[in-house]
Number of protein chains: 2
Amino acid sequence: MQALIDHFKQILPLDDDELALLDGRVNARKIKRKQMILQEGFVCKHYTFVVEGCFKMYGVDDKGYEHNIQFAAEGDWIADIGSFHSKKPSKLFIEAIEPAEILQIEIKDLYFLYNNIAKLNRIFKVIIENKFVELQNRVLQNFSSTAEQRYLSFLEQYPNLANRLPNTQIASYLGITPEFLSKIRKDLMKK
Amino acid sequence: MQALIDHFKQILPLDDDELALLDGRVNARKIKRKQMILQEGFVCKHYTFVVEGCFKMYGVDDKGYEHNIQFAAEGDWIADIGSFHSKKPSKLFIEAIEPAEILQIEIKDLYFLYNNIAKLNRIFKVIIENKFVELQNRVLQNFSSTAEQRYLSFLEQYPNLANRLPNTQIASYLGITPEFLSKIRKDLMKK
DNA sequence: CATTACCCTTAATCTACCTTAAGCCTATTT
DNA sequence: AAATAGGCTTAAGGTAGATTAAGGGTAATG
């Protein structure tokens, strides 16, 4: 819980009254490796804050291949925002890559908090702005560079993730096959 | 100005006191075709609401090619959110594809409004959530389908944009060359 | 501790999409 | 009305990355 308070404090500190309201609206859970906290076809019921561990969010195409659209490690939020607010079934999966500890807020609790802690509207606005910018940079990168350049800038931007994740997951994030990532890595070694 | 009030009303209506605060913090401008309201290297100073006309937002790669990352027509917001908040130089351009009428809010005014109209935090949170979802869908589409599928779903998702935009701009948005789009269109005609 | 599942790599063949170049047509600008 | 720029298309040849298949290594699970 302290991890979440610290996270909010970095954007806008909450006072004691506000923190009291938070308590009881947030649920702590432990998640096993490979456990899913969201599956395609189900409505996304929670905003999830990662205290410990690492998740991937992905879609599955017609041929059954997975495509990672984001990772979330310590201090990140993860949710299918579209499904969450529209209450429509998600097209995405969220799955733990490592054993994890998370904090979850349900939609009714989040709306309660938005109505009773004005600051939280601002805090979540900032959180989503940051996620938006990150995603937009990704879109730009994706079509203005080769797979090798994308791999290099992934390493640069997420050095700690790069160590923790298997290359298959990174390949899926970069939009290439593991085989081709393997070739890229080999070519980079030579240089 | 009425266009903006209506736009906010769809999310959360503002009362008269709040509308009074808005007035004077929003500037109306007319923009010519091809005029830029943001250029690479400059800080993005405004959130821009499109009343009439159409804009493209794009980056330029090492080879000088443009890559459209979004369009904005009537009722859309457009800004380089990253540059706007960080006050760092943008890597993007925003340019009018058609003559346009816009409403702009400067950063100091937007922050004033966030502090004095609590609802606006919520309104802009929702606006950015929607943009985030749209962008996320795009990322998913981009690597789980061929250029032809992407073109078809662009036509489906933005039928009015598809009529208004030249194919060169659509190709740039889809991440393909105009030549290849031409081929796709030819192949589709046959079917 | 064994065994299964997953991960990483190499290499050959194949395809979606790019590049270049050229020609025509329709808008803008002068 | 002329001039020019921009937009659309065709086609030939080229490349980044996919696919398939196969072998060896390492980590998770019972």
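Colleague: How far from a phosphate oxygen of DNA strand D does a backbone N or O atom of Thr177(A) lie?
Modeller: This is a predicted model, in which local features need pLDDT of at least 70 and side-chain atom pairs count only at pLDDT 80 or more, while totals for chains, interfaces and linings use all residues. Side-chain values use heavy atoms, with hydrogens and water left out, residues are numbered from 1 along each chain as its sequence is written, and chains are lettered from A and ligands numbered from 1 in the order in which they are written. A polar contact is a pair of N or O atoms within 3.5 Å, where within protein one must be able to donate a hydrogen and the other to accept it, and residues adjacent in sequence count only if both atoms are side-chain atoms. For the backbone N or O atom of Thr177(A) and the phosphate oxygen of DNA strand D, the distance is 3.2 Å.

Colleague: Which residue has a side-chain N or O atom 3.2 Å from a sugar or linking oxygen of DNA strand D?
Modeller: A residue is near a strand if one of its heavy atoms lies within 4 Å of it, and 18 residues surround DNA strand D, the closest being Ala147(A), Thr177(A), Asn167(B), Thr168(B) and Lys186(B). Sugar and phosphate make up 77% of the atoms of DNA strand D that come within 4 Å of the protein. A backbone N or O atom of Asn167(B) lies 3.0 Å from a phosphate oxygen of this strand, whereas the side-chain N or O atom 3.2 Å from a sugar or linking oxygen belongs to Ser182(B).

Colleague: Which element gives the largest share of the surface near DNA strand D?
Modeller: Helices (H or I, at least four residues) and strands (E, at least two) are DSSP runs, numbered from the N terminus. At least two residues each come from helix 6 (147-157) and helix 9 of chain A and from helix 8 and helix 9 of chain B. The largest share, four residues, is that of helix 9 of chain B.

Colleague: How many residues of the surface near DNA strand C are charged?
Modeller: Among the residues around DNA strand C, Asn167(A) and Thr168(A) are two of those that come nearest, and each has a backbone N or O atom 3.1 Å from a phosphate oxygen of that strand. For the classes, Ala, Val, Leu, Ile, Met, Phe, Trp, Tyr, Cys and Pro count as nonpolar, Asp, Glu, Lys and Arg as charged, and the others, Gly among them, as polar. On that basis the surface near DNA strand C holds four nonpolar and six polar residues, and its charged residues number six.

Colleague: Which element gives the most residues to the side of chain B that touches chain A?
Modeller: With contact taken as heavy atoms within 4.5 Å, 36 residues of chain B are in contact with 36 residues of chain A. Buried area, the accessible area (1.4 Å probe) that two parts lose on being put together, summed over both, comes to about 3,200 Å², with 71% of it on carbon and sulfur atoms. Across this interface there are zero salt bridges, a salt bridge being a side-chain nitrogen of Lys or Arg within 4 Å of a carboxyl oxygen of Asp or Glu, and two residue pairs are in polar contact, both at pLDDT 80 or more. With 16 residues, the element that gives the most is helix 5 of chain B.

Colleague: What kind of axis relates the two copies?
Modeller: Copies are superposed by least squares on the C-alpha atoms of residues with pLDDT of at least 70 in both. Chain B can be laid on chain A with an RMSD of 0.0 Å by a turn of 180° and a shift of 0.0 Å along the axis. The two copies are therefore related as by a two-fold rotation axis.

Colleague: Which residue of chain B comes closest to the rotation axis?
Modeller: The comparison is made on C-alpha positions, and the closest one lies at 2.3 Å from the axis. That C-alpha belongs to Lys125(B).
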